[in-house]
Amino acid sequence: MTATPALAITYAPVNQPGPSLSVPAAQLRSALVCTASVTRARRAPVLLVPGTLLNPSEFAWNWEPALSRAKIPYCTVDLPNDGMADIQIAGEYIVSAIRTMHAMSGQKVDIVGHSQGGMVPRWALRFWPDTRPLVNAVIGLSPSNHGTVDANLACADGCAPAIWQQAIGSHFLAALNSYQETFAGISYTNIYTDTDEVVVPNIGPHPSSALTTGDGAITNVAIQQVCPNDVSEHLGIGTYDATAYAIALEALTHAGPANPALVPRSVCLDPLMPGVNPLTFPLDFATLGAGVAETLATYPHVSTEPPLACYVTAHCPGQPAPRTRATRTVRRRTARRSG
């Protein structure tokens, strides 16, 4: 099973101005929840982006307490329909989050995303060039930068829009990676695992998560390059894996992408990343897995990949992004966190 071959189109030049956002501003604002320390922050705040089938609750018991302890300001963004809807629309949430966080903090933004959450910020950077000067780093935890054969198999009888878009050979991925994958002034750290069972293949000379082209500074690193005996899988690398966190923290606390050589090998002895409570971990991880399974089983399928937005093409400059019916979010969160 393979995705429909990518359209023979001329993609928008990389510096073509992005379209106006189609999602209502109030909806975009309500999806972003920040710590109070983001306002006039002294360092780059972190935007946490969840993956497909997930929402910001995946970070509540790991990354959020870890960043709080490290005194790093952060926000979370709630993508539509647990990241199962059209990723082009999810990209608008990232555009809005980047602009809002930069305005709040006066700083460039660091982005940490898991799976689709590590890939979708690149859609914002590719098609809204005004966001590029506002971003310092993009750190992906098994990001689906080049898709996964799992999606090709899952979509044999129809699947969710976002899964269609992450199938190898999709129109979406061809547009995302058109011309160049990275941009000058931004550091890209792609952290993946050789035992990934969701983003496949993520092993060998051409792992799906890796980026290789463009003007950005790039580090592609498997957790096994730092800790050879670390066998964390796809959910684990984004939620509890100590090696992945240590590599990401290296990128967050030093200029440029992560330097794996600077990660202390003592991290290989840590069963869990900072922020994870060992007493509640089994229940926290089981709850996460149960939510993923339920969403996967119940989310409506569509028979084809969503069409590419007009702004993706060179012949449609300045056109607004298409509206979509898939704009609801499973959880409404409007209160700002303290801390």
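This passage looks at the disulfides of the structure and then at its cavity.

The model is a predicted one. It contains four disulfides, and if the bonded cysteines are counted along the sequence, they pair up as 1-2, 3-4, 5-6, 7-8.

One of these links is between Cys34 and Cys75, whose sulfur atoms sit 2.0 Å apart. Cys34 belongs to strand β1 (residues 32–34) and Cys75 to strand β3 (residues 74–77), so this disulfide ties together parts that are 41 residues apart in sequence. The link is right-handed, with 105 degrees about the S-S bond, and both Cys34 and Cys75 are buried.

Cys155 and Cys159 make another disulfide, with an S to S distance of 1.8 Å. Here too the link is right-handed, at 80 degrees about the S-S bond. Cys155 has a relative accessible area of 2%, so it counts as buried, and Cys159 is buried as well, at 3%.

Then there is the pair Cys310 and Cys316, with sulfur atoms 1.8 Å apart. Their link is right-handed, with 120 degrees about the S-S bond. As for surroundings, Cys310 is partly exposed because its relative accessibility is 34%, while Cys316, at 6%, is buried.

Turning to empty space, the structure has one cavity of 30 Å³ or more, and the volume of the largest cavity is about 30 Å³. Around the largest cavity lie Ala12, Pro13, Gln16, Pro17, Gly18, Pro19, Arg126, Phe127 and Tyr311. By type, this lining splits into six nonpolar residues, two polar and one charged.

Key
Residues are numbered from 1 along each chain as its sequence is written. This is a predicted model: local features need pLDDT of at least 70, side-chain atom pairs count only at pLDDT 80 or more; totals for chains, interfaces and linings use all residues. Side-chain values use heavy atoms; hydrogens and water are left out. On a 1 Å grid over the protein atoms alone, a cavity is a set of points where a 1.4 Å probe fits but cannot get out, and a pocket is an open set with protein on both sides within 12 Å along at least five of seven lines; lining residues have an atom within 4 Å of a point. Grid points are joined across faces, edges and corners, and a volume is the space filled by probe spheres set on the points. Ala, Val, Leu, Ile, Met, Phe, Trp, Tyr, Cys and Pro count as nonpolar, Asp, Glu, Lys and Arg as charged, and the others, Gly among them, as polar. A disulfide is a pair of cysteine sulfur atoms within 2.5 Å. Helices (H or I, at least four residues) and strands (E, at least two) are DSSP runs, numbered from the N terminus. Buried means under 20% relative accessible area, exposed over 50%, partly exposed in between (1.4 Å probe, protein chains only).
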